[in-house]
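Reader: Could you zoom in on one part of this model for me, the small sheet and whatever sits around it? I'd like the contacts and distances as well as the topology.

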Amino acid sequence: GPTAPALSALSALYAMGKKAGKKAAAEPPAPTPAKEKEAKSWQELLELDPAKKAAEEAKKAERQKKAEEAARQQQQVNERREQWEREHKKVVRKQVQDENKWNKEFEKARARALKEGVIEAQEYEDGSWWADLGNAIYKECKDQYFCTLCDKHLNAGTLAAHIESQVHRKRVDWTVGGGPAAGTPSATPSAPSKAAATAAPAAFAARAPEEWQELGRDGLLRCIPCQKVVDECHVATEDHKKRVENWLFQKLGGEQGYPTPKEPYVAYIPSDTNDPSSERWPRCLLCNKWVQDQTSHTGTLTQPAGSNEHQKNLRNYFRPGDPWYEKNVAEVRRKWHPQRAPAKLQAPPSRPHAREPLTPGGASVSRSKSGAGDHGPVHMGVDSADAAADSTNGALRGPTNPRHLRLTLGDREA
């Protein structure tokens, strides 16, 4: 085999060859003439081709034009933004000024309102507002303020307008007695004097309350249907007159019974089905709707009238004796309008008495003397002497003429 000196020599030769290969790979090869042309820049290549150079210059000009247009548009956007910011700052300053002005005016109006019967309510966790009326009496309000003189629920937006209203100022003059402020419309020569203004509430309070009025805790008369203070302005309104008329009708109906409508399919039914004592309103049982006017729910089967729907229901359902009609119309009507007991028929008294004046129809009118005053039962019948002639030994002869009958109207059932 090879000796050690030979192996070392071979190793040295191998190492020298490896280094020489790396050095040769690191040095680039010498460029050839063809490669020299490829190494030139694109500008130099364009110089060699005039057509390509012209096309490239046109593209360059187009790019420059687009860049200038984009810069111009961006400048316009910046200018508009700056203009908007300036205008917005003006608006904000104006809003701040208006808000400060409104706050000052509101504080003045609030201070004045608190002196003129307005109470500021407190808001609770459940979102409700409660006003302290004094003497441990609280009233639930719809908003932050409540006027005790006018019974009005107010907020920050309506407070100033309310205390400037004519009705409120009149009530303040009557209750507080401070008189109208100088320079106000109520201080004109045609306005009532202070003495007359202060005498007005005393005159209302001195009157005996009518049935639709009640005396409040503040000593003022209040309208029960409208829940407002009674004064000349209030009692003259059409809304008050309508409310009082309806309230009196409901009160009289609850005490003496509601009138039976002439239409057999209309009945006064409680407005709240769960509360029979609630207000009763006329309802058409054929249409199952409330009667809102005098024409929509009228007519008969032979002469239909009213709305189109009502006329259709008249033709289809107005059939007395039909099971549906008896259950849904006749039975409901009898429930709320019971039929009155028939009039009692009496024979004439056997004991004659003084002749009574005859009515134009031939019948006489007499009143029972058993009761006090003129409140006894009213009897309508024939003359007393004629009645006595018809009686024999206390026994009554069978009536052969309606004039022999006497109708008692005093014992009617409501």
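Author: Here's a walk through the sheet, the helix beside it, its cysteines and then the cores.

Keep in mind that this is a predicted model, so everything below is computed from predicted coordinates. The sheet is an open one with 3 strands in the order β1-β5-β6, paired antiparallel. Its edges are β1 (118–120) and β6 (152–154), each of which has a pairing partner on one side only. Going from one strand to the next, the twist averages 25 degrees. If you want to trace the β1 side, look for the 3 bridges that join β1 to β5 (residues 145–147). One handy landmark is E120, whose bridge partner in β5 is Y145.

Helix α4, residues 50–115, packs on this sheet and touches both β1 and β5. The directions of α4 and β1 make an angle of about 115 degrees.

Now for the charges. Salt bridges number 13 in the structure, and several involve α4 residues. E56 and R63 pair at 3.7 Å, N to O. Both are partly exposed, E56 with a relative accessible area of 28% and R63 with 47%. Then there's D98 with K94, at 3.0 Å. These two sit 4 residues apart in α4, so about one helical turn separates them. D98 is partly exposed at 37%, and so is K94 at 44%.

The R112 pair has another setting. R112 meets E116 at 2.9 Å, N to O. E116 counts as buried, at 14% relative accessibility, whereas R112 is partly exposed at 27%. This pair also belongs to a wider arrangement: R112, E116, E164 and R169 are linked in a network of salt bridges. As background, side chains of opposite charge can pair when their charged atoms come close.

Back to β5, whose residues 145–147 finish with a cysteine, C147. You may be tempted to draw a bond from there, but the disulfide count is 0. The cysteine sulfur nearest to that of C147 belongs to C150, 3.8 Å away. A disulfide needs the two sulfurs within 2.5 Å, so at 3.8 Å the C150 sulfur is too far from C147 for a bond. Both cysteines are buried, C147 at 0% relative accessibility and C150 at 3%.

What does C147 do there instead? That takes us to the nonpolar cores, starting with the largest. The largest core has 13 residues, and Y265, L286, F318, Y325 and V329 touch the most other members. β10 (266–270) and α11 (323–336) each give two or more residues to this core. Apart from it lies another core of 12 residues, and this is where C147 belongs, with A113, L159 and V172 also among its members. A113 falls within the 50–115 span of α4, so the helix packed on the sheet has a residue in the core that holds C147. In general terms, nonpolar side chains tend to be buried together in soluble globular proteins.

Notes:
Residues numbered from 1 in each chain as written. Predicted model: local features only at pLDDT ≥ 70, side-chain atom pairs only at ≥ 80, totals over all residues. Heavy atoms only, no water. Core = buried A, V, L, I, M, F, W, Y, C linked by side-chain atoms within 4.5 Å. Buried < 20%, exposed > 50% of the residue type's maximum accessible area, 1.4 Å probe, protein only. Pairing = 2+ DSSP bridges. Axes fitted to C-alpha atoms, helices over the stretch in contact; angles between N-to-C directions. Contact = heavy atoms within 4.5 Å. Salt bridge = Lys/Arg side-chain N within 4 Å of Asp/Glu carboxyl O.
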